[in-house]
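User: Please take a close look at the charged side-chain pairs in this model. Then set them in context with the sheet, the internal space and the cysteines.

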Amino acid sequence: MLVDEVEAKEGYVKAEVHNQITTIEFYHPKGNSLPSRLLAKLTQEIDHASHDDNTNVILLRSVQHDVFCSGASFNELVEIKNEADATRFFMGFANVINAMRKCSKLIVARIHGKCVGGGVGLAAASDYAIALEGADVRLSELSIGIGPYVIAPALIRKMGLSASQIAIDSHLWRNSDWARRKGLYSELHPNKESMEESIERLLGSLSKNSNEANSSLKRMLWEGCENWDTLLAQRAATTGKLLMQEQTQTFLSGFNKSVVF
């Protein structure tokens, strides 16, 4: 996908359609993190693909980088000064997760590198995640005084109570094989060539399926999650409230913004 100088500096979300496959790609120079404007754009592109008659399947990917996604923008997080703004901030990922849930098309995620925070949520909310060895995972939210409340429903749906392990031990990285064994990743590949071959095979197969058959399977897989509009909004509000606690604010005030959280 062509990128101009501004996009290279500020990040982007782009979508392209080829052969019934919509590829949605995101990028940010800080660990493929997602500030609010990119989260809104990602939500928009997922919703657009959901209603596109020329799309049978979606590939979600980020630009090649050590990190698939390091979650929401930490630089933006530390600038929040009130609970209302905090809730709006956390609704960014809530909206993306909800868009992935509601999307009528199956979503395949290409996980080429580490996932932190909301990045783990993207893997969990995808319908099929194909990962590369080294795509380790960590939920660091509890260590700063909040928690992965917004993405937790997607994690628990995919991983069961195994999700509590990375939520509670927020300092420990879990390796990519752990993520595969716990159900977060559908496949784990030893090299990029093997990963790309599997992605191409699966997308080619799904793109030729009946669109209605794919959509019916998607609806079946997400049965029981119909209350997420309300649930995720409540979780965003809870996280926003916790962000404003004195202990959390003290931690954030001393945090080095140049570090990928």
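Analyst: R180 has a relative accessible area of 34% and is therefore partly exposed, a class that lies between buried (under 20%) and exposed (over 50%), with a 1.4 Å probe and protein chains only. The model is predicted, so local features need pLDDT of at least 70 and side-chain atom pairs pLDDT 80 or more, while totals for chains, interfaces and linings use all residues. Residues are numbered from 1 along each chain, and side-chain values use heavy atoms, without hydrogens or water.

The partner of R180 is D177: the two form a salt bridge whose closest N and O atoms are 2.9 Å apart. The term covers a side-chain nitrogen of Lys or Arg within 4 Å of a carboxyl oxygen of Asp or Glu. Both residues belong to helix α8 (residues 176-181), where a spacing of 3 residues puts about one helical turn between them. Helices, of at least four residues (H or I), and strands, of at least two (E), are DSSP runs. D177, at 31% relative accessibility, is partly exposed as well.

By this rule the structure has 11 salt bridges. Another of them joins E25 and R61, with 3.5 Å from N to O. E25 sits in strand β2 (residues 21-27) and R61 in strand β3 (residues 57-62), so this salt bridge ties together parts 36 residues apart in sequence. Both E25 and R61 are buried.

R219 and E212 also meet through their side chains, at 2.8 Å from N to O. R219 is partly exposed at 48% relative accessibility, and E212 is partly exposed at 47%. Elsewhere, R101, K102 and D229 are joined into one network by salt bridges that share partners.

Next, the sheet. An open sheet of 3 strands runs in the order β4-β6-β8, with parallel pairing; two strands pair if DSSP finds at least two bridges between them. β4 (67-69) and β8 (137-138) are the edge strands, each with a single partner, so one side of each has no neighbour in the sheet. Strand β6 (residues 114-116) pairs with β8 in the parallel sense over 2 bridges. Within β8, R138 is the bridge partner of V116.

The internal space comes to 1 cavity of 30 Å³ or more. A cavity is a set of points on a 1 Å grid where a 1.4 Å probe fits but cannot get out, and its lining residues have an atom within 4 Å of a point. The largest cavity holds about 310 Å³ of space. Its lining has 22 residues, with A72, F90, F93, G118 and E141 nearest the centre. Two elements, α3 (74-77) and α4 (83-102), give two or more residues to this lining, and α4 gives the most, with 3 residues. By type, the lining of the largest cavity divides into 13 nonpolar, 8 polar and 1 charged.

Last, the cysteines. The structure holds 0 disulfides, a disulfide being a pair of cysteine sulfur atoms within 2.5 Å. For C69, the nearest cysteine sulfur is that of C115, 7.3 Å away. C69 is buried, with 0% relative accessibility. For C103, the nearest cysteine sulfur is that of C225, 14 Å away. C103 is buried too, at 2% relative accessible area.

Key
1 Å grid on protein atoms, 1.4 Å probe; cavity = no way out; pocket = protein on both sides within 12 Å on 5 of 7 lines; lining within 4 Å. Points joined across faces, edges and corners; volume = space filled by probe spheres on them. Nonpolar A, V, L, I, M, F, W, Y, C, P; charged D, E, K, R; others polar.
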